[in-house]
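Me: Please take a close look at a single part of this structure, the metal site, and then carry the description on to the local features that can be read elsewhere in the chain.

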Amino acid sequence: MSRKIIHLDCDCFFAAVEERDQPSLRGLPIAVGGKAEQRGVIATCNYPARAFGVRSAMATSHAYRLCPSLTLVAPNFKKYRQASAQIQQIFLRYSTLVEPLSLDEAYLDVSDCPLFDNSATRIAEAIRQEVKAVTGLTISAGVAPNKFLAKVASDWRKPDGLFTIAPAQIADFISQLPVKRIPGVGPATRTKMSAIGITHCADLQRLSRLQLQQTFGSFGEKLFHLCRGEDKRPVVSNRRHKSVSVETTFNQDKTHFEQWQEALLALLSDLERRIRKLDNSYAIAGLFAKVRFSDFSQQTIQASGKPATAEAFMVLIEQLWAKNSAPIRLLGIGIKLKDELTPRQPDLFSEEKQQALAQQRLGML
Ligand code: TTP
Ligand code: MG
């Protein structure tokens, strides 16, 4: 089944925040970064500065040589984190499968999103408009059936752009794609490739799997797929769930215990489906069941250290029934979760980590 992936990436993120907040800077070449005297580097810069050749990770002293009129702004991480949180909040309205890559960038899997008749392009456009309205920042989007192509696509019409690669367009698009657009193909690999006449994905496609492996080592296997526009990596949400639960409100109150049991069994398959979607970094900490009586009062019960089986939930609702054998209008069941392994992805939004990462990048540490 073809997936619908959106990659979103703010334009000149730190610099765009500074331009937004200091209108006098708009249109001038500006960069955010560490001071030249302190051997600082450029975090990012706006398009007027890019026109002079200024780039991320460049020494600030070098940037000044390229662009003497450059305005250097010290970074304001608090503001970037704030904008980032607003953007991530918007993403989550369109999908629960959101994988942030950095403060300004994320993958969304919108394959199951019911909005806009499930048109990923229209969803992406709605997100772009919402980000602009809420944060005042422009964000570019790429829409494609996988992460690799979505990321390439988000860069295609930058800044403030949207580009879609539909499944039927992949073959044409990819064969004309320059190899430098493939993540992982840096200057060294490019030199190696151009030495054997490879500049575009079409050239790579002509090499066998074995030739690719012999020439590029373990990266060769990845190249074999990427140069065909193939990428199976799932979008992995790094939000940590604390619990998973399902509940149902009945059209008619359930009066007898047999009816409670039937309702429980109907809910279990839903719960099991949700549990199966969790990755293996979770373990079950406990079970719980909840009933709402016809007078809207509510009762919850929990048990720890039990597997999520029908029998275990049956015991819970028996205990609820024993406490109050009254008609219910709602039944809910769920599991409480705990971390089994350390999370697969770092917590990109922890204040300390973000600060340390950014300072490291800026040469401040
Ligand atoms: P990017 O998304 O890579 O860059 P950008 O948003 O500035 O520009 P573009 O329009 O091309 O996406 O990075 C996001 C932010 O991360 C960027 O605004 C500043 C910070 N950053 C660094 O601090 N150092 C770096 O080397 C890079 C690449 C980014
Ligand atoms: Mg960006």
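Reply: What follows begins with the metal site and then turns to a pocket, two helices and some backbone details.

This is a predicted model, and the description should be read with that in mind. The magnesium ion (ligand 2) is coordinated by D9 (OD), C10 (O) and D104 (OD), at 2.0 to 2.3 Å. Its site is octahedral, with angles of 85 to 174° among the six donor atoms. Along the chain, the donors follow the spacing D-C-x93-D. Because D9 belongs to strand β1 (residues 5–10), whereas D104 sits in the loop between β5 (98–102) and β6 (105–109), the pair ties together parts that are 95 residues apart in sequence. Both of these residues, D9 and D104, are buried.

As for open space, the second largest pocket holds about 860 Å³. Its lining is made up of 25 residues, and T96, L97, S237, H241 and K277 are those that lie nearest its centre. By character, the lining of this second largest pocket divides into 11 nonpolar, six polar and eight charged residues.

Among the helices, α5 (residues 120–135) contains E130, a residue that counts as buried because its relative accessibility is 18%, below the cut-off of 20%. Apart from its neighbours within four places in sequence, E130 is in contact with I90, R93 and Y94. In helix α11 (residues 218–226), the residues F219, G220, L223, F224 and L226 are buried, and what covers them includes α6 (147–156), α7 (170–175), α8 (187–195), α9 (201–205) and α10 (209–216).

The backbone details can be set against a general expectation, which is that most peptide bonds are trans and that most residues other than glycine have a negative phi. The peptide bond from K158 to P159 is cis, with omega near -5°, and P159 is found in the loop between α6 and β8 (162–164). D160 is also placed in the loop between α6 and β8; its phi is positive, near 55°, and D160 counts as partly exposed because its relative accessible area is 42%. A positive phi, near 50°, is likewise seen in F116, which is found in the loop between β6 and α5. With a relative accessibility of 34%, F116 therefore counts as partly exposed.

Conventions
Residues numbered from 1 in each chain as written. Chains lettered and ligands numbered in written order. Predicted model: local features only at pLDDT ≥ 70, side-chain atom pairs only at ≥ 80, totals over all residues. Heavy atoms only, no water. 1 Å grid on protein atoms, 1.4 Å probe; cavity = no way out; pocket = protein on both sides within 12 Å on 5 of 7 lines; lining within 4 Å. Points joined across faces, edges and corners; volume = space filled by probe spheres on them. Nonpolar A, V, L, I, M, F, W, Y, C, P; charged D, E, K, R; others polar. Donors = N, O, S within 2.8 Å, 3.2 Å for Na, K, Ca; no water. Tetrahedral: all angles 85-135°; square planar, octahedral: opposite > 155°, others 65-115°. Helix = DSSP H or I, 4+ residues; strand = E, 2+ residues; numbered from the N terminus. Buried < 20%, exposed > 50% of the residue type's maximum accessible area, 1.4 Å probe, protein only. Contact = heavy atoms within 4.5 Å.
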